[in-house]
Amino acid sequence: MALVGASTRDLTCERFPVEVPRPDEQAAQDSPSPELREAIGLHAGKEWIDEVVSTLEKGKLPPPNPPTLIKGCPPIIDFRIGGGTRGYVLVR
């Protein structure tokens, strides 16, 4: 989904950029609020998927999904998937 382009089913997939500031290390060490947990997850997801895309573009096998969560926060990646006749949906 993170590779830009259209499918044969006339669907497109757009990965949204991360627009929240990266939390500082000290804030992440404390008990994170829901907003901070979301920011940690968005940045972790971006870093992971950027590495996967880069590896795939080089024709290599990407690393597996991360086995652990940072501060209990899963990696988050936001996509918009759809097409003109089907409409669009946000996938997180």
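A disulfide here is a pair of cysteine sulfur atoms within 2.5 Å. Keep that cut-off handy for the cysteine exercise; and remember that this is a predicted model.

**Exercise 1. Work out how many disulfides the model has, and whether C13 and C73 are buried or exposed.**

Step 1. Apply the 2.5 Å cut-off to the cysteine sulfur atoms. The count comes to 0 disulfides.

Step 2. Now check accessibility, where buried means under 20% relative accessible area. C13 has 16%, so it counts as buried.

Step 3. Do the same for C73. Its relative accessibility is 3%, so C73 is buried too.

**Exercise 2. Find which strands pair with β2, and in which sense.**

Step 1. Start with β1, residues 12-15. It is joined to β2, residues 79-83, by 4 bridges, and the two run antiparallel.

Step 2. Pin that pairing to residues. T12 sits across from G82 in β2, and C13, the buried cysteine from the previous exercise, faces I81 in β2.

Step 3. Move on to β3, residues 87-91. Here 5 bridges link it to β2, again in the antiparallel sense. One of the partnerships is G83 with G87 in β3.

Step 4. Look at how the chain gets from β2 to β3: a hairpin of 3 residues makes the connection.

**Exercise 3. Put the strands in order and explain why β1 and β3 each have a side without a neighbour in the sheet.**

Step 1. Lay the 3 strands out: the order is β1-β2-β3, in an open sheet with antiparallel pairing.

Step 2. Read off the edges. β1 and β3 each have a single partner strand, so one side of each lacks a neighbour in the sheet.

Step 3. Add the twist, which averages 20° from one strand to the next.

Step 4. Recall the general picture behind such pairing: strands of a sheet pair through backbone hydrogen bonds, either parallel or antiparallel.

**Exercise 4. Place H43, decide if it is buried or exposed, and list what it is in contact with beyond its sequence neighbours.**

Step 1. Locate H43 in helix α2, which covers residues 34-57.

Step 2. Compare its accessibility with the cut-off. H43 has a relative accessible area of 10%, so it is buried.

Step 3. Set aside the neighbours within four places in sequence. H43 is then in contact with V18, V20, P21, R22 and P23.

Technical notes. Residues numbered from 1 in each chain as written. Predicted model: local features only at pLDDT ≥ 70, side-chain atom pairs only at ≥ 80, totals over all residues. Heavy atoms only, no water. Pairing = 2+ DSSP bridges. Axes fitted to C-alpha atoms, helices over the stretch in contact; angles between N-to-C directions. Buried < 20%, exposed > 50% of the residue type's maximum accessible area, 1.4 Å probe, protein only. Contact = heavy atoms within 4.5 Å.
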